[in-house]
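Biologist: Could you take one part of this model and walk me through it closely? I'd like to start from a single residue and work outwards from there.

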Amino acid sequence: MINRELIRTKVVQLTYAYYQNGNRNIDSAEKELLFSLTKAYDLYNYLLQLVVEVAREERHRHDLLTARAQREGTPAPSEKFVANRFALQLEENKMLQNFVEDKKTSWENDKEFVRGLCNRIEQSETYTSYMASEEDSYDADREVWRKLYKQFFKDNEDLDLLLEDKSLYWNDDKEIVDTFVMKTIKRFDPANKAAQPLLPEYDDEEDRELARKLFRSTILNAEMYQRYMSEASRNWDFSRLAYMDVVIMQIALAEMLTFPNIPVSVTINEYVDLAKRYSTPRSGGYINGMLDAIARHLAKRGKLMKPVPQVKSARQDHAATEE
């Protein structure tokens with residue numbers, strides 16, 4: 001689940017924090033990096049657990065309505081939503097159950113939030129259409145939950161604030177983690193029953209090593225990377241860069257020079273996006289052009305042993321930003 005986009009984001013955050021921290025203990029900072037990545041995986045499981053909690057609340061409501069209907073002699077409510085096969089399969093999922101048991105996580109103290117979420121779901125067109133539909137299939141059951149998650153979990157400011165109170169590590173994680181939750185919902189197969197695999201914390205051990213190695217290379221080779229920046233940026237107003245821009249370029253250089261299998265164009269694009277997200281409005285254009293110039297400078301000197309693509313837009317983006 002923890003992909004390279006998330007790793008790069010965390011390395012940017014933790015590198016910036018490292019330089020802001022007077023202690024500057026690289027071993028402690030590395031442990032913090034790996035812990036923050038683990039917390040992102042916790043959030044993934046916690047959001048899946050929230051889906052289960054909503055389904056349970058809906059089942060509780062259905063039981064109350066059924067009991068009242070029996071007392072009053074009125075028709076019983078539809079069981080369609082509470083019998084949703086995807087939700088029941090997720091509730092029985094062994095990996096999720098193990099996570100809950102191991103981490104002792106619960107939505108018990110947030111019942112009011114869960115009830116409010118149920119109210120919004122019940123009033124939605126997605127819910128109404130599903131309940132009115134005559135289609136009875138696992139695919140329809142899974143699809144309605146994918147739609148509900150996208151509508152009511154994904155861009156939910158109240159949920160964002162609630163999660164932020166629970167962990168500072170989750171401030172910037174949810175947007176990425178939401179995509180993994182929706183991917184997980186889409187992958188559920190009824191044939192797997194309770195053994196349906198959730199996404200692993202890391203796709204492979206290489207990504208865990210990438211996080212550690214990228215962070216250490218960034219810090220330990222900082223002087224060298226900053227010298228490369230200065231050598232290649234004589235035609236750029238280096239002093240106008242925000243401090244975060246320097247940190248981002250330092251990490252980008254660490255990636256270019258440490259990981260031969262990651263193309264230069266991928267590295268540049270990824271860190272330009274991070275600059276747009278974490279730095280100033282002008283940063284994307286500056287960093288695009290500067291990283292392109294630095295990569296070419298290092299390739300000519302034989303320091304960068306992989307192809308540098310023709311990036312015609314780099315200087316153009318810088319000029320457009322200046323305008």
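Modeller: Sure, let's start with Arg 142, which sits in helix α7, residues 138-152. Keep in mind that this is a predicted model. Is Arg 142 buried or exposed? With a relative accessibility of 17%, Arg 142 counts as buried, because the cut-off for buried is under 20%. What does Arg 142 touch, once neighbours within four places in sequence are left aside? The contacts are Phe 86, Ile 185, Lys 186 and Phe 188.

Follow Phe 86 and you get to helix α3, which runs over residues 85-91. At residue 91 of that helix there's a charged side chain worth a stop: Glu 91 makes a salt bridge with Arg 59, and the closest N and O atoms are 3.0 Å apart. That pair links distant parts of the chain, since Glu 91 is in α3 while Arg 59 is in helix α2, 32 residues apart. Glu 91 is buried at 17% relative accessibility, whereas Arg 59 is partly exposed at 25%.

Helix α2 also holds Glu 53, which pairs with Lys 111 in a salt bridge, with 3.7 Å between the closest N and O atoms. Here Glu 53 lies in α2 (residues 26-72) and Lys 111 in α5, so the bridge ties together parts 58 residues apart in sequence. Glu 53 is buried, with a relative accessible area of 10%, and Lys 111 counts as partly exposed at 24%. Put the pieces together and you have a salt-bridge network linking Glu 53, Arg 56, Arg 59, Glu 91 and Lys 111. The whole structure holds 27 salt bridges.

Back to Arg 142 and its other contacts: Ile 185 and Lys 186 are among them, and helix α9 covers residues 174-187. That helix has a salt bridge of its own, where the side chains of Lys 174 and Asp 178 meet at 2.8 Å, N to O. Lys 174 and Asp 178 are four residues apart in α9, about one turn of the helix, and both are buried. After α9 comes the loop leading to α10 (205-220), and Lys 193 is in that loop. Lys 193 is not a glycine, yet its phi is positive at about 50°, and Lys 193 is exposed, with a relative accessible area of 60%. Lys 104 also has a positive phi, near 55°; it lies in the loop between α4 (94-103) and α5 (111-122) and is exposed at 67%.

For contrast with those two, look at Lys 306, in the loop between α14 (283-300) and α15 (313-322). Lys 306 is buried, with a relative accessible area of 12%. Its contacts beyond four places in sequence are Glu 255, Met 256, Phe 259, Pro 260, Ile 262 and Val 264. The C-alpha atoms of Lys 306 and Val 264 are 7.6 Å apart, with 42 residues separating them along the chain.

Zooming out, the chain has 15 helices and zero strands, and 49% of its 323 residues count as buried. Among contacts between residues at least 6 apart in sequence, 79% join residues at least 24 apart. On the charge side there are 47 positive and 55 negative side chains, and the centres of the two sets are 5 Å apart.

Definitions and conventions
Residues numbered from 1 in each chain as written. Predicted model: local features only at pLDDT ≥ 70, side-chain atom pairs only at ≥ 80, totals over all residues. Heavy atoms only, no water. Buried < 20%, exposed > 50% of the residue type's maximum accessible area, 1.4 Å probe, protein only. Contact = heavy atoms within 4.5 Å. Lys, Arg positive; Asp, Glu negative; His and termini not counted. Charge placed at Lys NZ, Arg CZ, Asp CG, Glu CD. Salt bridge = Lys/Arg side-chain N within 4 Å of Asp/Glu carboxyl O.
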